[in-house]
Amino acid sequence: MRSLLMAVVLSAFVAGPALAVMPEDGWFNEGDLVNVAKLKAATALIQGENFPTAQRLLLQVVRSDPENSDGWTLLGYTLRRSGNRKDAREAYDRALELRPDHIYARQYLGEMLLIEGDVKGAEEQRRVIAAECPKGCEPLKVMDQRLEEFRTKGLLPPG
C-alpha cells in the first residue's frame with residue numbers, strides 16, 4: 001500500500017498539463033506537506049478519471065484537516081463526477097463556508113447547478129467568480145464557456 005501511495009504521489013509531479021477544469025499548478029495553499037502531496041496526487045488521479053482512488057486520498061485530507069477548503073473542493077468534484085451530487089453539494093458548501101472566495105469551488109458548484117438545470121444559480125456563481133478575478137481567470141473562462149454551451153446547444157458539463 002505504501003509503495004502504491006508513493007507511486008501516486010510521484011505521478012502527480014510528472015503528470016502532463018492540467019485539464020482546463022483542474023486547478024493550475026501551485027493552486028494548493030493549505031495544509032501540511034503530506035496533505036499538499038495528497039492533493040497533487042488526487043489531481044493527477046482526477047485527470048486520469050480515477051475518481052474512487054482520488055476520493056480516498058481526499059477523504060484522508062479532509063479527515064486530517066477539516067479546514068482544508070482545497071480538499072473539500074476536489075472531494076466535491078470527484079463526488080459530482082461519480083454521480084453523487086448530494087454529497088458533492090455538501091463538500092462544495094463546506095469549501096465555500098471555509099473560503100467564500102474559492103473560485104474553483106464556485107466553478108465546480110456552478111457546473112453542477114447547470115447539470116441540475118439551475119441556470120440562475122450557475123450565473124450567480126459566475127458573477128461571484130468575476131468579482132474575485134476582474135481581469136479574468138480560468139474558472140471564469142470555463143463558466144462562460146459552460147453557460148454559452150448550455151444556452152446555445154443544450155450541452156451540459158460532465159458529471
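**Figure 1. Secondary structure of the predicted chain, with eight helices and zero strands.** The model shown in every panel is predicted. From the N terminus on, the order of elements is α-α-α-α-α-α-α-α. The chain has 159 residues, of which 47% count as buried. Of the contacts between residues at least 6 apart in sequence, 60% join residues at least 24 apart. The close-up views that follow concern helix pairs, aromatic rings, one arginine, one loop residue and the disulfide.

**Figure 2. Packing of helix α4 against helix α5.** The two axes come within 8 Å and cross at roughly 160°. An angle over 145 degrees counts as roughly antiparallel, and α4 is therefore roughly antiparallel to α5. The crossing of these two helices is left-handed. On the α4 side the contact is made by Ser-69, Trp-72, Thr-73, Leu-75, Gly-76, Tyr-77, Leu-79 and Arg-80. Their counterparts in α5 are Asp-87, Ala-88, Ala-91, Tyr-92, Arg-94, Ala-95 and Leu-98.

**Figure 3. Packing of helix α4 against helix α6.** Here the axes come within 9 Å, with a crossing angle of roughly 20°. Since angles under 35 degrees count as roughly parallel, α4 is described as roughly parallel to α6. The crossing of α4 with α6 is left-handed. Helix α4 contributes Thr-73, Leu-74, Tyr-77 and Arg-80 to the contact. Helix α6 contributes Tyr-104, Ala-105, Tyr-108, Glu-111, Met-112 and Ile-115.

**Figure 4. Aromatic pairs, of which the model holds three.** Tyr-77 and Tyr-108 form a tilted pair, with a distance of 4.7 Å centre to centre and an angle of 50° between the planes. This pair links distant parts of the chain, as Tyr-77 belongs to helix α4 (residues 69–81) and Tyr-108 to helix α6 (residues 103–115), 31 residues apart. Both Tyr-77 and Tyr-108 are buried. In a further pair, the ring centres of Tyr-92 and Tyr-108 are 6.5 Å apart and the planes stand at 45°, so this pair is also tilted. Tyr-92 is located in helix α5 (residues 85–98) and Tyr-108 in helix α6, so the pair ties together parts that are 16 residues apart in sequence.

**Figure 5. The aromatic cluster of Tyr-77, Tyr-92, Tyr-104 and Tyr-108.** These four tyrosines form one cluster. Tyr-92 has a relative accessibility of 0% and therefore counts as buried. For Tyr-108 the relative accessible area is 0%, and this residue is buried as well. Two members of the cluster, Tyr-104 and Tyr-108, also take part in the contact of α6 with α4. Tyr-92 is among the α5 residues that meet α4.

**Figure 6. Surroundings of Arg-80 in helix α4.** With a relative accessible area of 1%, Arg-80 is buried, because buried means under 20%. Apart from neighbours within four places in sequence, Arg-80 is in contact with Ala-88, Tyr-92, Tyr-108, Glu-111, Met-112, Ile-115, Pro-158 and Gly-159. Arg-80 and Glu-111 are 31 residues apart along the chain, and their C-alpha atoms are separated by 9.7 Å. Arg-80 is listed in the contact of α4 with α5 and in that of α4 with α6.

**Figure 7. The loop residue Glu-49, with a positive phi.** Glu-49 is placed in the loop between α2 (33–47) and α3 (51–64). Its phi is near 60°, a positive value in a residue other than glycine. Glu-49 has a relative accessible area of 51% and is exposed, because that term applies over 50%.

**Figure 8. The disulfide between Cys-133 and Cys-137.** The structure holds one disulfide. The S to S distance between Cys-133 and Cys-137 is 2.1 Å. Cys-133 counts as buried at 11% relative accessibility. Cys-137, at 14% relative accessibility, counts as buried too.

Definitions and conventions
Residues are numbered from 1 along each chain as its sequence is written. This is a predicted model: local features need pLDDT of at least 70, side-chain atom pairs count only at pLDDT 80 or more; totals for chains, interfaces and linings use all residues. Side-chain values use heavy atoms; hydrogens and water are left out. A disulfide is a pair of cysteine sulfur atoms within 2.5 Å. Buried means under 20% relative accessible area, exposed over 50%, partly exposed in between (1.4 Å probe, protein chains only). Rings of Phe, Tyr and Trp (its six-membered ring) pair if their centres lie within 6.5 Å; planes under 30 degrees apart count as stacked, over 60 as edge-to-face and the rest as tilted. Helices (H or I, at least four residues) and strands (E, at least two) are DSSP runs, numbered from the N terminus. Axes are lines fitted to C-alpha atoms, for helices over the stretch in contact, and angles run from 0 to 180 degrees between N-to-C directions. Angles under 35 degrees count as roughly parallel, over 145 as roughly antiparallel, 65 to 115 as roughly perpendicular and the rest as oblique. A crossing is left-handed if the near helix is turned anticlockwise from the far one by less than a right angle, and right-handed if clockwise. Contact means heavy atoms within 4.5 Å.
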